[in-house]
Amino acid sequence: MTATSTARGAARPASGIGPNAKYFEQLAVDDQWESPRRTITETDLVMFAALTGDHNPIHTDEEYAKTTIFGGRILHGPAGFAIATGLESRLGIKEGTAIAFLGMTWDLRGPIKIGDTIRVRERVIAKRETRKPTQGIVTFHVAVLNQKDEVVQEGEWKIMMSRRT
C-alpha cells in the first residue's frame, strides 16, 4: 500500500482512509473524543455574514448588539454548527470512512462571542446495521463547549459509515 502526505504531515494510505479513521464495527456506544480548540474571530463572523447574506444587526452592529441580552455581537448560530463540523473533522475519525451525513438535531444553548474558544466533544450514542453489508449508521451526540466548559450548542448527528467487508 502506498502512502501520501496529509496537511498535518502524517502518512495517509492512497485509499483515502486516514490514520485515525474508524469503521462502523470499530465504533462502540459510549466511545468519546474531544477536538482541538479554536478561538472565534471577528473575521469568522464577517465572513459568515458575507457568505450567507445574513447581516442581522445582532451579528454586524456592535452598538445595537450592546443593547441586547448578549451585550455585544454574537456569531451566527449556523456558523457555530459549521465550525463544529470542521473541529470534529480534525479528529480524523471519519476520514475516508464516512459515506454520508444523514441528518441532525441541533440546539443553540448559549451565544458564541468573538474571542470565545470552542471545542467539540463527540460521543457515540447509537449504532445500527443496514441491509447493505458495506455500511452502517452511527448516531453521535455532539456538544460545542466554550472556554468556560459551557455547552453552547449540541445535538445528534447521524452518519452513514463504511463497514469492512
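A residue counts as partly exposed when its relative accessible area lies between the limits for buried, under 20%, and exposed, over 50%. By that rule Phe-101, at 43% relative accessible area, is partly exposed in this predicted model. Its ring partner Phe-81, at 18%, falls under the 20% limit and counts as buried.

**Aromatic pairs**

Phe-81 and Phe-101 make an edge-to-face pair, with 6.4 Å between ring centres and 70 degrees between the planes. Phe-81 belongs to helix α4 and Phe-101 to strand β5 (residues 98–108), so the pair ties together parts that are 20 residues apart in sequence. A search of the whole structure gives five aromatic pairs. Ring pairs also link Phe-81 and Phe-101 with Trp-106 and Trp-157 in a cluster.

**The nonpolar core**

The largest nonpolar core has 27 residues, of which Leu-27 and Phe-140 touch the most other members. Elements that contribute two or more residues are α1 (42–52), α4 (77–89), β6 (117–129), β7 (135–145) and β8 (151–162). Helix α4 gives the most, with five residues. In soluble globular proteins, nonpolar side chains tend to be buried together.

What does Phe-140 contact beyond its neighbours within four places in sequence? Its contacts include Leu-27, Trp-33, Val-124, Ile-125, Trp-157 and Ile-159. Charged residues are also in contact with Phe-140, among them Lys-94, Glu-122, Arg-123 and Glu-156.

**Strand pairing around β6**

Strand β6 pairs with β7 through ten bridges, and the two run antiparallel. A hairpin of five residues joins β6 to β7. Within this pairing, Lys-127 stands opposite Val-138 in β7. Strand β3 (residues 32–34) is antiparallel to β6 and joined to it by three bridges, with Glu-34 opposite Arg-121. Strand β4 (residues 38–39) is joined to β6 by two bridges, again antiparallel, and Arg-38 has Ile-118 as its bridge partner there.

**Charges over rings**

Two lysines place their charged ends over phenylalanine rings: Lys-94 sits over Phe-140, 4.1 Å from the ring centre, and Lys-127 sits over Phe-24, 4.3 Å from the ring centre.

**Salt bridges**

The whole structure holds 13 salt bridges. Side chains of opposite charge can pair when their charged atoms come close. Three of the bridges are listed here.

| Acidic residue | Basic residue | N to O distance |
|---|---|---|
| Asp-44 | Arg-38 | 2.9 Å |
| Glu-63 | Lys-66 | 3.2 Å |
| Glu-88 | Lys-94 | 2.5 Å |

Are the partners in the Glu-88 and Lys-94 bridge buried or exposed? Glu-88 has 7% relative accessibility and counts as buried, and Lys-94, at 12%, is buried as well. This is the Lys-94 whose charged end sits over the ring of Phe-140. Salt bridges with shared partners also join Glu-34, Arg-119, Arg-121 and Asp-149 into one network. Glu-34 and Arg-121 of that network also stand opposite each other in the β3 and β6 pairing.

In the Asp-44 and Arg-38 bridge, Asp-44 is buried at 16% relative accessible area, whereas Arg-38 is partly exposed at 29%. Glu-63 and Lys-66 lie in helix α3 (residues 62–66), three residues apart, or about one turn of the helix. Glu-63 is exposed, with a relative accessible area of 53%, and Lys-66 is partly exposed at 45%.

Technical notes: Residues numbered from 1 in each chain as written. Predicted model: local features only at pLDDT ≥ 70, side-chain atom pairs only at ≥ 80, totals over all residues. Heavy atoms only, no water. Core = buried A, V, L, I, M, F, W, Y, C linked by side-chain atoms within 4.5 Å. Buried < 20%, exposed > 50% of the residue type's maximum accessible area, 1.4 Å probe, protein only. Helix = DSSP H or I, 4+ residues; strand = E, 2+ residues; numbered from the N terminus. Contact = heavy atoms within 4.5 Å. Pairing = 2+ DSSP bridges. Phe/Tyr/Trp six-rings, centres within 6.5 Å; stacked < 30°, edge-to-face > 60°. Lys NZ or Arg CZ within 6 Å of the ring centre and 35° of its normal. Salt bridge = Lys/Arg side-chain N within 4 Å of Asp/Glu carboxyl O.
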